[in-house]
Amino acid sequence: MSADKQVGIVLVSHSGPVAEAVAALARGLAAGGATAPVAAAGGTPAGGLGTSAELIAEAARSVDGGVGVAVLVDLGSAVLTVKAMLAEGDELPDGAKLVDAPFVEGAVAAVVTASAGGDLAAVAAAASEAYDYRKV
Amino acid sequence: MLDADFFHRWMTRTAASVDREAAHLTELDSAIGDADHGSNLQRGFTAVSAALDKEPPQTPGAVLMLAGRQLISTVGGASGPLYGTLLRRTGKELGDAPTVTVEELARALGAGVAAVAQLGGAQAGDKTMLDALLPAAEALGTSFEAARDAARAGALATVPMQARKGRASYLGERSIGHQDPGATSAALLIAALAATDGATGGDA
């Protein structure tokens, strides 16, 4: 039951393996309790490089527990496709939000925050804050 | 006046044109992009044609909305959401009128182009599809032929530009000297519009 109250996370990459691997990384680093639902939507349905609106919609439905879905994206068409789907209105669950964040670092922050019970605003803020983590 | 059938034929003609030019578009995209523009648009417009033929919408706005939706869901690259937004926003502006005037189309296309600029965060001179679409929407107020010529000239004018948006922008100065694939396909879309008008006698 409590898992249903967690914000869902969708990871949209141009590459299926990248999306899957980042999802696995984020789940692994968030472990220690009930991990928030995370779905990868990478590449095209045929397994090529690109973005698929169909895979994104399916992933968002699969992690939607009714308290919001944070969508993280990598480059170009991933960004534009999610924006266009949100503009459409009925392609993504109510409460789906495109989060402005670096893909890998943002995914980890989002999954950790969602797993700890943070709401959509907290998840989005944590993911965006990952931009402030300078490496040198 | 332009009816749903006119818009349907415009989309079908665009699909045929994209089919014919797919290899050329991909060749342009292999110089400064990721070499999939032709095949991506071909997949998208094939889906558009099939969807329109299966259940032909009754109004110009509905034709463009359906076409835009198909492009967003099937293209797989950035041109999908960009062209999808262009057509859908233009269709939305046309509303549910059974026929529209050229002036109404010109105004709606202007709104569609503005929506593309907003979605991609690009402007004139960035070496994108907007360099063909902005002058075309402007010239459509004069005539279909003027729009076609303006789009073609706009696409050619991207050759000396340095890309500031999209995958090509990573190339910096090396993007100079190549015609932008997006502006080229946008010119095809507008040329198909002019040809559709010619095919109906041009009295619209």
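Start by selecting helix H4 of chain A: ten of its 13 residues are buried, so the helix is largely enclosed by the rest of the structure. Keep in mind on this tour that you are looking at a predicted model.

**Stop 1: inside helix H4 of chain A**

Which residues of H4(A) should you colour as buried? Pick A:Phe103, A:Gly106, A:Ala107, A:Val108, A:Ala109, A:Ala110, A:Val111, A:Thr113, A:Ala114 and A:Ser115. Now show what surrounds them. These buried residues pack against strand S1 (8–13), helix H1 (16–30), strand S2 (38–42), strand S3 (69–73) and H5 of chain A.

Next, try your viewer's distance tool on the two end C-alpha atoms of H4(A). They are 18 Å apart, which agrees with the 18 Å that 13 residues should span at 1.5 Å a residue. Just past the helix, click on A:Gly117, which follows H4(A) and has a positive phi, near 95 degrees.

**Stop 2: a salt bridge from helix H4**

Stay in chain A and select A:Glu105 together with A:Lys135. Their side chains form a salt bridge, with the closest N and O atoms 2.3 Å apart. A:Glu105 belongs to helix H4 (residues 103–115) and A:Lys135 to the segment after helix H5 (120–129), so the pair ties together parts that are 30 residues apart in sequence.

Is A:Lys135 buried or exposed? Turn on the surface to see: A:Lys135 is exposed, with a relative accessible area of 59%. Its partner A:Glu105 counts as partly exposed, at 28% relative accessibility.

**Stop 3: two salt bridges in chain B**

Move to chain B and select B:Arg164 and B:Asp126. This salt bridge has its closest N and O atoms 2.7 Å apart. Distant parts of the chain are linked here: B:Arg164 sits in the loop between helix H7 (144–156) and helix H8 (181–199), while B:Asp126 sits in the loop between helix H5 (102–120) and helix H6 (130–139), 38 residues apart. Look at the surface again, and you will find that B:Asp126 counts as buried, at 3% relative accessibility.

For the second pair, select B:Arg148 and B:Asp149, whose side chains meet in a salt bridge of 3.2 Å, N to O. B:Arg148 is partly exposed, with a relative accessible area of 25%, and B:Asp149 is also partly exposed, at 40%.

**Stop 4: where the chains meet**

Now show both chains and give each its own colour. How many residues does the contact take from each chain? The answer is 13 residues from chain A and 13 residues from chain B. The size of an interface is often given as the accessible area lost when the parts come together. Here, the area buried between chain A and chain B is about 1,100 Å², of which carbon and sulfur atoms give 54%. Select A:Leu80, A:Ala84 and A:Glu88 next: they supply 43% of the area that chain A buries against chain B, more than any other three residues.

Between the chains there are three salt bridges and five residue pairs in polar contact. On the chain A side, helix H3 (residues 76–88) gives the largest share of the touching residues, seven of them. That side of chain A divides into five nonpolar, four polar and four charged residues.

**Last stop: a network across the chains**

Finish with A:Glu88, A:Glu91, B:Arg69 and B:Arg88, which are linked in a network of salt bridges. Zoom in on A:Glu91 and B:Arg69, where the closest N and O atoms of the salt bridge are 3.0 Å apart. To keep exploring, look for the others: the whole structure holds eight salt bridges over all chains.

Definitions and conventions. Residues are numbered from 1 along each chain as its sequence is written. Chains are lettered from A and ligands numbered from 1 in the order in which they are written. This is a predicted model: local features need pLDDT of at least 70, side-chain atom pairs count only at pLDDT 80 or more; totals for chains, interfaces and linings use all residues. Side-chain values use heavy atoms; hydrogens and water are left out. A salt bridge is a side-chain nitrogen of Lys or Arg within 4 Å of a carboxyl oxygen of Asp or Glu. Helices (H or I, at least four residues) and strands (E, at least two) are DSSP runs, numbered from the N terminus. Buried means under 20% relative accessible area, exposed over 50%, partly exposed in between (1.4 Å probe, protein chains only). Contact means heavy atoms within 4.5 Å. Buried area is the accessible area (1.4 Å probe) that two parts lose on being put together, summed over both. A polar contact is a pair of N or O atoms within 3.5 Å; within protein, one must be able to donate a hydrogen and the other to accept it, and residues adjacent in sequence count only if both atoms are side-chain atoms. Ala, Val, Leu, Ile, Met, Phe, Trp, Tyr, Cys and Pro count as nonpolar, Asp, Glu, Lys and Arg as charged, and the others, Gly among them, as polar. The expected span of a helix is 1.5 Å times one less than its number of residues.
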